[in-house]
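Me: Please take a close look at one part of this model, the open sheet in one of its chains, and describe how its strands are paired and what packs on it.

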Amino acid sequence: MITGRFFAAGADRRIAITIFILLAVAIIVPLLNLAVPPTSAFYVPSYVVALTGKYLCYALLALALDLVWGYCGILSLGHGAFFALGGYAMGMYLMRQIGSRGVYGNPLLPDFMVFLNYGELPWFWYGFDQFWFAAIMVLAVPGLLAFVFGWFAFRSRVTGVYLSIITQAMTYALLLAFFRNDMGFGGNNGLTDFKDILGYNVQADATRSALFAASAVTLALAVFVTWAIVGSKYGKLLMAVRDAESRTRFLGWRAENVKLFAFTVSAVMAGIAGALYVPQVGIINPGEFEPSNSIEVVVWAAVGGRGTIVGPIIGALMVNAGKSWFTGVLPAFWLFALGGLFVAVTLFLPKGIVGMWDSWRDNAKALRAASINEEFGTDPAVPPPPKIVRSAARTPGDWSASGPEPQPAE
Amino acid sequence: MSKSNTILYLDGVSVSFDGFRAINNLSLVLDKGEMRAIIGPNGAGKTTMMDIVTGKTRPDAGEVYFDGQVDLTKHDEAEIAMMGIGRKFQKPTVFESHTIEDNLMLALKGPRSIFPALFHRRSAAEARQIDDILGLIRLGDKRDELAAILSHGQKQWLEIGMLLAQDPKLLLVDEPVAGMTDAETEETARLLKDIARDHSVIVVEHDMHFVRELGVKVTCLHEGSVLSEGSLDFVSADERVVEVYLGR
Amino acid sequence: MILTRAIGLTLLLLLGMLSPSNAAEADLRAIIAKFATASNFSATEAVVRELAATGDTAVERPLGALAEGDLYVRKADSLVFIGKAAGGSVALLDPLSGEKSGDAAKSEITKIKVNNTLRRAIRDALGTLTLGAKDPAARIAAADTMFRTPDATNIEPLDAAIASETVASVKALLEQARAASVLVSDRPEADKLAAVALIGGRGDRNALSLLTAIEANSEGAVKDAATAAIANINSTLALWDAGQNIWYGISLGSVLLLAAIGLAITFGVMGVINMAHGEMVMLGAYTTFVVQEVIRTSFPGLFDWSLVIALPLAFSVAALVGLVIERGVIRFLYGRPLETLLATWGVSLILQQAVRTIFGPTNQEVGNPSWMSGSFYIGQLAVTWNRLWILVFALGVFAVLLYVMKRTPWGLQMRAVTANRRMAASMGIRTPWVDALTFALGSGIAGIAGVALSQIDNVSPNLGRGYIIDSFMVVVFGGVGNLWGTLVGAFSLGIVNKFLEPYAGAVLGKIVVLVLIILFIQKRPRGLFALKGRSVEA
Amino acid sequence: MRGSFSTITKMFSAGAVTAGLLMSVPARAADDTIKVGILHSLSGTMAISETTLKDAMLMLIEEQNAKGGLLGKKLEAVVVDPASNWPLFAEKARELISKNKVAAVFGCWTSVSRKSVLPVFSELDNILFYPVQYEGEESERNVFYTGAAPNQQAIPAVDYLMSEDGGSVKRWVLEGTDYVYPRTTNKILEAYLKAKGVAAEDIMVNYTPFGFSDWQTEVAAIKKFGSAGKKTAVVSTVNGDANVPFYKELGNQGIKAEDIPVMAFSVGEEELAGLDTAPLVGHLAAWNYFQSIDTPENAKFIADWHKFIKNDKRTTNDPMEAHYVGFNMWVKAVEKAGTTDPDKVIDAVIGVSVPNLTGGYSTMMPNHHITKPVLIGEIQADGQFETVSQTPGLVMGDEWSDYLADSKDLISDWRAPLSCGNFNVATGKCGGKGTN
């Protein structure tokens, strides 16, 4: 039914193109890496595969954040925590897969437990030797945390800045907790030294390519799901809550449940991103809970354009590519560049790259007196700002289509 | 006083913020099917009274009953809205980034939980209802435009339309004609009188011309309690009302 | 030198302390010369003991110099000198007289190495020697040393000292020192019981330490008495521990208050989520560093005033940077609080990296002025001066700020703009200026917080990061827009944290506090002292 | 795959991998230089320690070039910034090896950063020289550990404190930051102390978080623990940033070195540079190098450093010396092997001896750890350390501690035929790693 809508709505061109590109990349990049000889001009080196795979995970995380921030106005400064929890769940699976190949050759206990004198496996490590169990945990742990956290916070009507600050407190508390060696998650060193995933060597090129493809496909799926959510009546409700929460309440909607659903879905998406990320970078440690990481995610979404589906993806890819470039070529300037980007985006690109592009395009089209009705239908995610419509209307002579413009009462 | 035949029953309600008594021993009764206009100076407690009725503010003391038997102090906004109390804010509040049609769609009576909304498809009946309301509030030609581009008065109407879509038993309408032209005001009065035929309505308004046009019983609030109640002529003749509100 | 010896001799005579014989100066020199041949620490220690055994107060100088690491051997002739580094070379002084006897390059002399054990031996030796010193502080130090290192041979000199002591408080200490020595002597049990009682009455950790050792090494009545005295001391100390925890909590609270109070203005009053707040604190700390550097190189005498001088400068620097940030970035973002978060986070990265580029990534040294060093005791409660001053300072800043906000026209304008910008503007208040100055005020206060925090924390580019989350917690917990809330928030978080710490450990304690804050916000979404009513929800 | 299809594929992949492809254009190394990777954080929390090491490496490379380079080629330093972000360490390591084609990498500070890059080095078969003291329990084919293993720092330090010179300490506080290095070191020390007859109640272990700044409670607890009538010492594995507030609190609460000395394993000249050390005189540190060491090599090194960094006040420290030793070993091994090929160099470097800065020679052992002298120093008022004790000979780094139950049977020998990092002498088997 939703798929029907997807293919029927030819207007959602941008989403379709994005999904198509992602799926194509999922097939082509691994091919170019595995089947093409390294001497060929088309060869994609393994480290580029690993790098872009990582970016795609970040893009998924940014998309997850955008679902709550862009569409529901919840600025979560704790999405890194959901990402990290998903990553830890996957890391625990990978850790158990090492089996007796650890340095101490202990068949059951991971190395860090051996040298910290753990007598036996802590109860919460049970089950992680099974992929299906770990996969469920990847979804369940972040989802459950988000559900419980959101259930309390949204019910108590904690909003805006307060919510942002307590999400930050949440990730900070988790950071401190995971740093503790007594927690049984490897402390500061985290989980590392992975060998196999589903029986395949994590370092093999083929595995890397498969993980890359999995990331791209998952991202494509996430784009589709996000699109389906925001296009549904619920999605409209989500934006309604963002714009006028009390109005939705007085219409009988439970705004807290509306937010809770989005928050939980978003956390699950973030968790999946983390789970895909860990085998590709080969380590998960409490550093991922750093509040600054979560803030960086916000910037990716902001740069690309919040409240759009493609924006956060573009933002995550661009900022991270920039980060890779700067930290390699101009290491001393990396923080200046990142800091400057934060400031510049908030000041000059409040709608991000995609939002800016849309505004520019709408403006241009409006000036050409194209029918705006058609435009409005183009992408429900990116409503053209009314301000621009008005300014265009001041252009004399060609504004008959929409009838007399009402004067705003200001 | 018997509650049984009332749509709204407030008795001895008080609420204070940081020592300031916004509502002070307020008693007010609205019969089923009645339309009532409430006037009073700024700070008289009109909006706070609406906050109490709609569950936004809990009273410190007093009884608030809806439909004769429902204790409203035990419910929150969403529940109260579902029971059938609709509210229009003083400042028109519509979903500006949605089209007018979507605004109404979100307000339409129906299940209010997440999953039905997620898999919702518009039925023919719903489409008809929306068409009807669009006609009523005279926004039919703008159904696909964003609410943000509407004029102030049109937003007021859209909000009233959203109230109607909710199909409530009781409508609380806060300053519906603020910022409207005279013609629009008359139109609004007509609209409200239409609505009052099969709904109970409370209208808060400063515009005495408009109140006169409605031609209903009037309650004047002052410092959180009822100062005077009766027909508009009776109330405007009341010395105290003249003193605190209408001016000499 | 003659004078010193004369005083020493007179004192010795006055005290009636008859040391076997005053070693002649030549003898002392002969002993001191042995330092040159002592090949290891124990050999050096033997020389120290030999010197101390002479009982001549003249050995104070060489021994003191040795403890300071200032005793050298000239390689050419194996003579021992006190060396004072002066530029590239070392000024050599005679070890007994202290008179200058030439210079030497660093390569011409060898330092006589000391370590902790040796320093302790010297301290003990000097302790006995200074028992008869004129300065009561020296006698107290001597009594203290002898209390901590009891020795049966100390009893006689202590008896003599007690007999001639005129200051009651010093006398009490001497008696305790004597009691300690009695306990390790072979005196009769009755004497020892009396000694245990006397020491038990002292009630501090040193007494506890001594009695624990006695308990382990004695039998019968003395052991029982020691056990009882230990139990007694422990129970009093437990009470003091609780007091100590409260003090630590208050002290931590004052640090939190300082860190958060500027934020209470920029975030609480103006609604700007200023993530660069911590960097303002850092700028204040670096200003202190620069001030101290200038003072060290140019006006060493003013060092104790360095913090006082740094205060206005730190305020100005941070306020100026704040002003630039407000005019350059934040003023475009009013009404979009979440975007101020992003922009100021960017600013904080830039400021951090700028400081790292200018000053380097390493810690910078900011010294404590003498009035902020050390500690004093209230009963068994150790109070460090720097913590006390920071508390006083935090409360002072708070009081001033409160006055500015509530009693000055500027404060009134500030509050007016916050309450209703448009109304304030139409009443002739220049809102842009008020905004800019308010932000500068908040930043400036963060800057002076940096002056105080430089006294207890690292002065590094990361300084601000450590405080930013805590600051936000304090402001949010206390209630945004309410200075008193910030005060109460800071102290309650500090005290709760410090009470949890001994039981849960530092990490878990902090986690618990964070979780408590999250839960608290659920209960009171607008903090401890929230404004209620219609206006705040508009 | 050619013709139109490849054009299309190219077009599509462009979207997501533009950045990657941009970087994938291999920076073709000019054949007349040998590239050396420097992988130290220049921003973030670790910049405080690691930036100095980057500068030290640049200096060493510059000096080597002044001496005529290596194998007739110039050395070229490739500096990247992993920004104190552990996954970024792995990414940057991969970039250095795959893209920049470096011959060896000098880098990392924290254990977690090393753990993060390990798989990259073994996968791409390159060399990492790791210059920081660490917790041991590791021996990798591609990594050379030029910092101290626990037995090259912790055990001699405790021995000193137990000796008469050190004050015959009977009661121990093990104070550390809560991460793997202090945890492991303390575990080893606890076992060691108990083996030496110290009772369990005479050992107190406490951990604090990273960057901890309010030490009042902890210092009071140390004071309390120290008043039990026995000579007490603190063994501190407190990390980096937390040290300054820790020492400030110690000084202010009047804990003197004569009464309760603090022996630190992570406090060097660099950390003391942020402190007024006058109240701390006599507190101790155990290292394999101090700036105050009086040898001609060290004097030259310090002079070169001051000249290079253009600041006479900058200190030198132990990890810098480790890089000095490690770099020279690599240079010598490359000369010996006649190539920079990592496989050959890995074999060639074992047994290489180079002068260290303390007046002796350090040798790379088959377990990829080096021999070092162990020095115990006391803090002086000028912010330097004075050596109060030195092990009589060189100590060989012991990667698998003899005091941990699970590692006491393990040994490491990377020479053929064993070629194993965790050979179990009890079972006679290589524990699962290694070349087989």
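Reply: In this predicted model, G176 of chain D has T237(D), a residue of β8(D), as its bridge partner. That pair belongs to the ladder between β6(D) and β8(D), which run parallel to one another and are joined over 6 bridges. On its other side, β6(D) is joined to β7(D) by 6 bridges, again in the parallel sense, and here V173(D) finds its bridge partner in M204(D) of β7(D). Of the 7 residues of β6(D), 6 are buried, so the strand is largely enclosed by the rest of the structure.

These strands are part of an open sheet of 7 strands in chain D, whose order is β7-β6-β8-β9-β10-β14-β15 and whose pairing is mixed. The edges are held by β7 (203-208) and β15 (385-390) of chain D; each has a single partner strand, and therefore one side of each is left without a neighbour in the sheet. From one strand to the next the twist averages 25°.

Helix α6 of chain D, which covers residues 180-195, packs on this sheet and touches β6 (171-177), β7 and β8 (232-237) of the chain, with a direction that makes about 165° with that of β6(D). Taken in the order β6(D), α6(D), β7(D), these elements make a β-α-β unit that is right-handed.

An antiparallel pairing is found further along the strand order, where β10 (residues 284-287) and β14 (residues 375-379) of chain D are joined over 4 bridges. Within that pairing, L284(D) has E378(D) of β14(D) as its bridge partner. As background to both kinds of pairing, strands of a sheet pair through backbone hydrogen bonds, whether parallel or antiparallel.

The helix that packs on the sheet also has a place in the contact between chains. There, 54 residues of chain D are in contact with 51 residues of chain A, and the elements giving two or more residues to the chain D side are α1 (3-24), β2 (74-80), α3 (86-99), α4 (111-124) and α6 of chain D. The most is given by α1(D), with 13 residues. Thus α6(D) both packs on the sheet, touching β6, β7 and β8 of chain D, and is among the elements that give two or more residues to the side of chain D that touches chain A.

Methods:
Residues are numbered from 1 along each chain as its sequence is written. Chains are lettered from A and ligands numbered from 1 in the order in which they are written. This is a predicted model: local features need pLDDT of at least 70, side-chain atom pairs count only at pLDDT 80 or more; totals for chains, interfaces and linings use all residues. Two strands pair if DSSP finds at least two bridges between them. Axes are lines fitted to C-alpha atoms, for helices over the stretch in contact, and angles run from 0 to 180 degrees between N-to-C directions. Two residues are in contact if their C-beta atoms, placed from the backbone, lie within 7 Å. A residue is buried if 20 or more other C-beta atoms lie within 10 Å of its own, exposed if 12 or fewer, and partly exposed in between; C-beta atoms are placed from the backbone. A crossover is right-handed if, with the strands pointing away from the viewer, the path from the first strand over the helix to the second runs clockwise.
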